[in-house]
Amino acid sequence: MSQGSGTGRLIVLSGPSGSGKSTVIARALAAGDLPIRRSVSVTTRPPRPGERNGVDYYFWSPAQFDEALQNGEFLEWAEIHGHRYGTLKREVESHLRQGYSVLLEIDVQGAQQIRQQFPEVTTIFLEAPSLADYERRLRQRGTEDEASLQRRLDIIERELAHAPQYDLRLVNRDLEQTVAQLRQLLRTIISRSPKAPSGA
Ligand code: 5GP
C-alpha cells in the first residue's frame, strides 16, 4: 500500500484512555466538511453500551481476528488491556482510493508500526492536562470496573512516555477549544505537501 500516489494523507492520533480522544475526533469530523475519514478498527473486546458494530469498531471474535492476522489483512495491530485491536488494510485503502485522508485512532504500539511502514505519516498525541484528569474522566465514563480502571491508569503512565515521538501534541484542557485546534491541525496537514521521507 502506498500513500504517495493519491492526494490522501495518513494521520495517526494516539492518546491514553481518558484523554478524550474518541470524543474529540468524533466532534472534529462530525460536520463532514474535511476530506478525512476515520478508519474503523477491529477489536476483540466486547462492545460498551451504545457502541455500534461497524461504526465504533468491528467487533470480532478472537478466531476471526486470528484468521485475518494469518491472511495478512492488518496494516498494524496490538494487544491492549488483554484484547486485540487492529487496522484493516482494506479499510484504509478504500478511503485513500476515494481521495480521502485517513485518520487512525490507534495506540502507541500501532503508531510505531505505521511510522516504520509510512515515514511520511503525521502523528498527533492527545493528552489530558494532568494524571488526575485521566482518573476523573475514566471514572466519569463509568465503563470500567475497579481492576480494569487501575490497569488502565498504569498503562497511561507508560503511554505518556511515548509522547515525545509524535510530530504534534495537543493538551485537552477544554473540549471545544481542543476540537477547534485539532480541526486546524488537520486542515494544515491535508493542505501541505507530503513530509519528505526521512533521510532524504
Ligand atoms: P478502547 O478499548 O478504549 O476503545 O481502546 C483502547 C486503546 O486501543 C486506545 O488507545 C485506542 O486508541 C487503541 N486502538 C483502537 N483501535 C486500534 C487499532 O486498530 N490498533 C491499535 N494499535 N490500537 C487501537
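A polar contact is a pair of N or O atoms within 3.5 Å. Keep that cut-off in mind for the ligand views of this predicted model.

**View 1. The residues around the ligand.** Let's start with the ligand's surroundings, which take in 16 residues. Which of them come nearest? That group is Ser41, Arg45, Tyr57, Glu76 and Tyr85.

**View 2. Polar side-chain atoms facing the ligand's oxygen and nitrogen atoms**. Arg45, already met among the nearest residues, puts a polar side-chain atom 2.6 Å from a ligand oxygen. Over at Asp107, a polar side-chain atom sits 2.8 Å from a nitrogen atom of the ligand. Then there's Thr87: an N or O atom in its side chain is 3.4 Å from a ligand oxygen. Because the cut-off is 3.5 Å, that Thr87 pair still counts as a polar contact.

**View 3. Helix α1 packed against helix α7**. Here residues 21–29 (α1) meet residues 175–191 (α7), with about 60 degrees between the helices and 9 Å between their axes. That angle is why the two are called oblique to each other, and their crossing is right-handed. On the α1 side, the contact uses Thr23, Val24, Ile25, Arg27, Ala28 and Leu29. From α7 come Leu175, Glu176, Thr178, Val179, Leu182, Arg183 and Leu186. Sort the contact residues by class and you get eight nonpolar, two polar and three charged.

**View 4. Helix α5 packed against helix α6**. How far apart are the axes in this pair? They're 11 Å apart, and α5 (residues 131–141) packs on α6 (residues 146–160) at about 145 degrees. The crossing of α5 and α6 is right-handed. Leu131, Tyr134, Glu135, Leu138, Arg139 and Arg141 are what α5 brings to the contact. Its partner α6 answers with Glu146, Leu149, Gln150, Arg152, Leu153, Ile156, Glu157 and Leu160. By class, this contact holds seven nonpolar residues, six charged ones and one polar one.

Conventions: Residues numbered from 1 in each chain as written. Predicted model: local features only at pLDDT ≥ 70, side-chain atom pairs only at ≥ 80, totals over all residues. Heavy atoms only, no water. Axes fitted to C-alpha atoms, helices over the stretch in contact; angles between N-to-C directions. Helix = DSSP H or I, 4+ residues; strand = E, 2+ residues; numbered from the N terminus. Parallel < 35°, antiparallel > 145°, perpendicular 65-115°, else oblique. Left-handed = near helix turned anticlockwise from the far one by under 90°. Contact = heavy atoms within 4.5 Å. Nonpolar A, V, L, I, M, F, W, Y, C, P; charged D, E, K, R; others polar. Near = heavy atom within 4 Å. Polar contact = N/O pair within 3.5 Å; in protein donor to acceptor, adjacent residues only side chain to side chain.
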